[in-house]
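Visitor: I am new to this structure, and I would like to get to know one part of it well. Please choose a part from its interior and take me through it slowly.

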Amino acid sequence: MRVRAILFGVALAIIGAVLPAASQGQDIAPTLHSPILTVDRERLFSRSSYGQSILAEFDAESTALATENRRIETELMSEERALTDSRPTMAAAAFRQKAKEFDEKVVAIREAQDAKARNLVGRREQVQQKFYQDVLPILTEIVRERGAVMVLENRAVFLSADQIDITNEAITRIDTHFQPPSASDTSPD
């Protein structure tokens, strides 16, 4: 709690120094040197070209899984309808056995599809963590250049000056550093 109160006090002091200059229309970005910077990790991932290329792969897999789930659902509904329609012509015990087998099949399919979805989410989280490891040197470079000592997730900050948010600058540098190969780079010689 005490650390949070100290950070809050530092943030207020920074804002107190920045707001008067901003209200007078002065350009404050070059003059603000803060030991604390913020970054929006989710925006860093979702808006950088590197992160978007990762997300595109998972979006495609997610769409394929959703399509597969709809196909399976349609097949199961058809199978259930056929089973229901055949009920009047079947002995009660035979129908119960077929209904039990169908229910077991549905449960097994649901568990398999849920496992696929969990696997996809788990792999996405792992790849996202690798993304953050890959871009850490870029963030470290920005921290050094700004003379800062820490970077906080901006969602954990109650109040701050916009000038300490390095997300856009980091996205620009990530896009420069992690350039996807151009068509000429991937064509065979």
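Guide: Here is a walk through the core and the parts around it.

This is a predicted model, in which local features need pLDDT of at least 70, side-chain atom pairs count only at pLDDT 80 or more, and totals for chains, interfaces and linings use all residues. Residues are numbered from 1 along each chain as its sequence is written, and side-chain values use heavy atoms, leaving out hydrogens and water.

First, the setting. The protein has six helices and two strands, arranged along the sequence as α-β-α-α-α-β-α-α. Helices (H or I, at least four residues) and strands (E, at least two) are DSSP runs, numbered from the N terminus. Of the 189 residues, 26% are buried; buried means under 20% relative accessible area, exposed over 50%, and partly exposed in between (1.4 Å probe, protein chains only).

Now to the part itself. A nonpolar core is a set of buried Ala, Val, Leu, Ile, Met, Phe, Trp, Tyr and Cys residues joined through side-chain atoms within 4.5 Å. The largest one here has 23 residues, of which Leu44, Tyr50, Phe131, Val135 and Ile174 touch the most other members. Two or more of its residues come from each of strand 1 (36-39), helix 2 (41-47), helix 3 (49-86), helix 4 (92-146) and helix 5 (167-177). Helix 4 provides the largest share, eight residues. In soluble globular proteins, nonpolar side chains tend to be buried together.

Ile174 is a good place to pause. Setting aside residues up to four places away in sequence, Ile174 touches Leu44, Ser48, Tyr50, Phe131, Val135 and Ile138, where contact means heavy atoms within 4.5 Å.

Ile174 also takes part in the packing of two helices. Phe131, Val135, Ile138, Leu139, Glu141, Ile142, Glu145 and Arg146 in helix 4 meet Glu169, Ala170, Arg173, Ile174 and His177 in helix 5. These helices, 4 and 5, pack at an angle of about 125°, with their axes 10 Å apart. Axes are lines fitted to C-alpha atoms, for helices over the stretch in contact, and angles run from 0 to 180 degrees between N-to-C directions. Helix 4 is therefore oblique to helix 5; angles under 35 degrees count as roughly parallel, over 145 as roughly antiparallel, 65 to 115 as roughly perpendicular and the rest as oblique.

Just before helix 5, look for Ile166, in the loop between strand 2 (150-153) and helix 5. Ile166 counts as buried, at 0% relative accessibility. Leaving aside neighbours within four places in sequence, Ile166 is in contact with Leu37, Thr38, Val39, Leu139, Ile142, Arg146 and Val151. One of these partners, Arg146, is 20 residues from Ile166 along the chain, and their C-alpha atoms are separated by 9.9 Å.

Elsewhere, a second, separate core of seven residues includes Leu76, Leu83, Ala99 and Val106. Gln113, which lies in helix 4, is buried as well, with a relative accessible area of 9%. Not counting residues up to four places away in sequence, Gln113 touches Leu65, Glu68, Asn69 and Ile72.

Contacts like these can link distant parts of the sequence: among contacts between residues at least 6 apart, 83% join residues at least 24 apart.
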